[in-house]
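Hi there,

Here is the complex I promised to pass on. Please have a look at the sequence and the structure first; my notes on what turned up follow below.

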Amino acid sequence: MGSLTFEGLGKSYGEVEVVRDISLTIAEGEFVSLLGPSGCGKTTILRMVAGLVEPSRGRILIGRDDVTNLPPNKRGLGLVFQSYALFPHMTVFENVAFGLRRRKVAGTELDKRVREALGMVRLAAFGERYPRQLSGGQQQRVAIARALAPHPRVLLFDEPLSNLDAQLRDEMQIELKRLQRNLGITTLFVTHDQGEALSLSDRVGVMAKGVMQQFAAPEEIYHRPATGFVASFIGKPNRLAGSVAMREGSGGRLAVGGVAIPAARIEQPAGAQVDVVIRQEAVAIRSGAAQSDEIAGEIVLRSFSGARVQYVVRLAEGVEIVAETASHGPEASLTAGAPVALAIDPASVFAMPPEGATA
Amino acid sequence: MMSRRQGLLLIAPLLLVLTGFFLVPVLMLLPTSFGVYEPGAGLVNGAWSLKNYSQIVTDDYYREVIWRTLGLGFSVTLLCLLLGYPLAYLIARGPERWRVPLILLVIFPMLLNLVVRSFGWIALLANRGLINNLLMQLGVIGAPVKLLFNFIGLFIGLTHIYLPFMVLMLVAAIRNVPRDVESAAATLGSSRAHVFMAVTLPLSASGILAGSILVFVLTISALVTPRMLGGPTYQVMATLIYDEYMQLLDWPSGSALSFALTFMAVAIIWLSSRLTKRWAGMA
Amino acid sequence: MSDAAENRPGWGLTATAFTVVAFLQLPVIVVVLAAFSTTSYLTIPPQGLTLAWFGKVLSDPTYLSAIRMSLILACGSTLISLVLGVAAAYALFRKVLPGSEAVTSFLMAPLVMPAVVVGVALLQFYSMTGLRGSLVGLLLAHVVITVPYVVRSALASLSGLDLAVEEAARVLGASGFEAFRLVTLPLIAPGLVAGALFSFITSLDNVPVTIFLISASQTTLPVLIFSSVEMGIDPSVAAVSTLLILATGIVLLLAERRFGFHRFV
């Protein structure tokens with residue numbers, strides 16, 4: 001077991017810098033996710049930790065050992081791949097035994113530890129099967145057992161749940177979290193799925209274009225996004241083109257097509273062109289006429305998705321916003337054309353540089 | 001992971017063998033092809049000339065052999081295409097249970113020794129061979145028809161030898177034509193023949209070209225079958241090279257012919273790859 | 001009407017296709033018939049049946065030593081081609097070297113070059129270096145003509161491989177070579193068997209290169225048949241050919257049973 005530390009970690013391919021100066025420490029037993037869109041550099045970081053990609057700059061430490069220049073087989077890590085990467089020509093037992101055999105574990109000790117690992121993922125009875133005889137979820141669990149069996153110092157996950165269907169993914173999330181808590185193993189988890197990252201992790205690192213945007217606890221990331229990118233990437237944002245209408249203290253008013261929207265925090269000067277980012281879940285919807293601090297609108301479209309209902313609301317000509325409400329709530333069955341009043345929490349409104357400009 | 005040095009270490013042995021025993025020997029033929037050979041005296045030291053190349057174009061006998069070789073190449077390719085397409089179509093689009101047995105029956109003669117197959121054709125085509133015997137017994141002909149040591153013999157034999165290559169290339173090409181597209185054409189009102197002409201054939205065109213090039217190049221390079229079915233008198237380029245080296249000992253002339261043959265093979269492959277690239281650009 | 005039935009080839013096409021298949025087997029059948037025939041030329045119906053020609057072949061030291069020589073060359077060159085070819089293909093697959101496309105073309109070049117040209121080039125080269133008639137020279141010549149088949153099948157098998165599988169082995173503690181031996185090699189083995197089989201058959205089949213390089217005392221089976229046909233036909237050629245047909249058929253069926261050989265062609 002051990003902590004995992006990056007010191008000024010960077011990677012370039014020719015002129016292209018895919019990972020830029022990452023420094024952070026993941027404490028022993030901590031579960032950290034790297035979250036970001038594809039191409040943000042998160043997988044490159046994971047592969048550098050595993051020793052599959054050579055860093056261009058900086059150091060990687062496990063505990064106090066500098067592993068930057070060690071080959072992958074000398075790092076003592078566990079890695080669960082997106083494609084699972086099970087050995088198709090070996091039984092489940094042999095797959096799990098592979099890492100142990102490389103560490104010269106043999107005989108009854110080998111047997112015991114393979115069974116232990118398979119037991120942890122509830123596949124004790126499947127040792128003699130081949131990977132192709134298992135379902136996707138079972139293959140995933142074999143991959144986890146295989147990574148756990150040699151008792152790695154750090155466990156790495158590369159988008160491990162992205163090949164599972166939605167229901168299975170939720171089940172595996174809970175199982176994974178339970179397993180990690182029980183074993184207390186330092187874990188680095190790479191994903192593009194914010195739900196996964198927020199629900200599993202002790203801390204989340206949000207990345208864009210090779211740069212760490214924010215590294216903090218999930219609640220902090222969600223409620224206090226450090227950058228416009230984080231604000232627009234986390235949650236379900238509306239993104240509307242507008243401008244800064246008025247500054248007032250640290251906040252002010254934003255204008256979107258003639259509609260004024262108060263915001264608690266604005267960095268741009270009055271008059272600047274901005275993208276206004278508003279979370280769907282931060283928009284409260286109520287049928288009837290708008291009060292003074294509310295915004296009037298009209299339902300255009302209703303869309304039911306189980307627990308929640310989404311409305312597309314027209315605020316003015318050409319300005320539409322998506323609002324969300326609980327599907328068992330009082331405002332769940334509004335029909336198209338109905339007049340509504342929207343209340344938007346100024347703390348959940350963000351002004352960002354317009355799309356296309358550099359973030 | 002793997003370093004450049006490790007990669008180099010892995011590939012170096014093969015590169016060395018191919019350089020030493022393929023590239024260098026072939027390049028060393030080049031000076032020979034400009035050498036001067038005196039019958040009875042051998043290679044003349046220090047002398048060089050372009051005669052070995054010029055005679056290929058000017059000498060009537062060489063010209064005849066070259067035209068014959070190219071003629072065989074075209075005819076064999078065409079016949080392989082005509083015979084191969086129906087079989088390939090049946091393998092690609094016919095009943096599932098026939099596919100593997102049919103493919104194996106196509107591969108089997110291909111894997112069989114070339115000498116053995118050519119020998120089989122001698123037994124069939126000779127004056128006292130099976131075909132002549134049968135025809136005479138049936139009273140169709142009075143005297144044996146000459147089927148060996150001429151164009152007919154080589155044409156039949158070479159077609160048989162290279163037909164499996166064509167079939168396998170065509171099977172791959174036809175299987176690459178999406179059935180949905182054929183079905184779409186059919187639902188749009190195309191007859192079966194029209195679906196074939198308008199969809200299947202054009203979409204398998206690159207495979208047809210690849211198979212044709214392969215058969216053509218193999219045919220013009222063939223030595224064993226032309227020698228066995230054509231004898232020492234009915235020559236093609238490869239058998240001529242063989243005789244220049246083994247019988248006449250005229251290495252300069254033989255090596256010039258070798259380069260001419262290689263040039264023809266490489267040129268046709270180059271042309272076809274240009275053509276395929278242009279097609280790919282259009283798609 | 002199912003769409004399979006709609007597209008099914010018609011009777012005319014099926015009949016044509018089966019005629020072509022029969023045409024492909026024709027000389028094979030004739031050779032086998034000739035091997036059992038009492039006459040030195042073929043008639044239908046055969047004049048009589050005999051096993052005498054097989055006896056003659058199997059007791060003839062010329063044939064036996066030619067068979068031995070062919071097998072030594074085929075086994076030896078296939079083995080060398082496998083080792084060199086798989087190593088090279090693996091390096092190309094990992095894309096650690098620049099210009100891998102050009103290198104691949106170079107490795108395939110012996111397939112494009114007319115075999116007779118390779119033959120005369122090596123004849124001249126061996127005459128100058130004194131390798132003519134030597135076993136080493138012959139072996140390396142056969143490696144040159146067989147290695148493209150191994151490289152091709154190795155590259156094809158590797159391209160279907162999930163790179164992550166080997167990385168998984170590395171992270172689990174396997175050295176680079178261990179990962180290759182324990183994971184990659186078993187996974188590409190079926191394709192390699194097909195490549196090795198092609199290589200073996202190509203070597204066993206070869207006349208246009210071998211004939212320029214052998215010494216008078218040591219000949220291979222196809223070269224022996226090739227030259228004896230020039231001398232005049234004898235049914236013992238048919239008998240030895242029948243033995244080759246039998247061996248090829250058995251190997252093909254075994255390879256199909258074990259690996260589904262037709263997938264690799």
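Let me start with a weak spot: over residues 1–6 of chain C the pLDDT stays under 50, and the model has 3 contacts beyond four places in sequence for that stretch. Here pLDDT is the predictor's confidence in each residue, from 0 to 100, and two residues are in contact if their C-beta atoms, placed from the backbone, lie within 7 Å.

Some housekeeping before the rest. This is a predicted model, in which local features need pLDDT of at least 70 and side-chain atom pairs count only at pLDDT 80 or more, while totals for chains, interfaces and linings use all residues. Residues are numbered from 1 along each chain as its sequence is written, and chains are lettered from A and ligands numbered from 1 in the order in which they are written.

**Confidence**

For the complex, the predictor gives an ipTM of 0.91 and a pTM of 0.85. Chain C has an average pLDDT of 89, with 94% of the residues scoring at least 70. Among the elements of chain C, the lowest mean pLDDT (48) belongs to helix α1 (residues 3–7) and the highest (96) to helix α6 (residues 115–129).

**Chain C**

Chain C contains 12 helices and 0 strands. In this email, helices (H or I, at least four residues) and strands (E, at least two) are DSSP runs, numbered from the N terminus. Along the principal axes, the C-alpha atoms of chain C fill a box of roughly 70 × 70 × 30 Å. Of the 265 residues in chain C, 49% are buried; a residue counts as buried if 20 or more other C-beta atoms lie within 10 Å of its own, as exposed if 12 or fewer do, and as partly exposed in between, with C-beta atoms placed from the backbone. Among contacts in chain C between residues at least 6 apart in sequence, 75% join residues at least 24 apart.

**Where the chains meet**

The contact between chains C and B takes 75 residues from chain C and 77 residues from chain B. Helix α2 (residues 11–35) of chain C gives the most to the chain C side, with 15 residues. By class, that side of chain C has 58 nonpolar, 12 polar and 5 charged residues. For the classes, Ala, Val, Leu, Ile, Met, Phe, Trp, Tyr, Cys and Pro count as nonpolar, Asp, Glu, Lys and Arg as charged, and the others, Gly among them, as polar.

Chain A also touches chain C, with 17 residues from chain A and 15 residues from chain C in the contact. On the chain A side, β6 (77–80) and α2 (92–102) each supply at least two residues. The largest share there, 3 residues, comes from α2(A). This side of chain A has 11 nonpolar, 4 polar and 2 charged residues.

**Chain A: two domains and two sheets to look at**

Chain A is assigned domain 1 (4–228) and domain 2 (236–352), with bounds that come from an automatic or database domain assignment. The centres of these two domains, taken over C-alpha atoms, are separated by 39 Å.

One open sheet of 5 strands in chain A has the order β13-β12-β11-β14-β20, with antiparallel pairing; two strands pair if DSSP finds at least two bridges between them. Its edge strands are β13 (259–263) and β20 (349–352), each pairing on one side only. Strand β11 (residues 237–248) pairs with strand β14 (residues 273–279) over 7 bridges. Within that pairing, A:Ser243 stands opposite A:Gln273, and A:Pro237 stands opposite A:Arg279. A further 4 bridges join β14(A) to β20(A), which run antiparallel, and A:Asp275 stands opposite A:Met352 in β20(A). Because 6 of the 7 residues of β14(A) are buried, this strand is largely enclosed by the rest of the structure.

Another open sheet of 5 strands in chain A has the order β15-β19-β16-β17-β18, again with antiparallel pairing. β15 (283–287) and β18 (319–326) stand at the edges with a single partner strand each, so one side of each is left without a neighbour in the sheet. Strands β16 (residues 295–304) and β19 (residues 339–344) of chain A pair over 4 bridges, and the bridge partner of A:Ala296 in β19(A) is A:Ala341.

Enjoy exploring, and best wishes!
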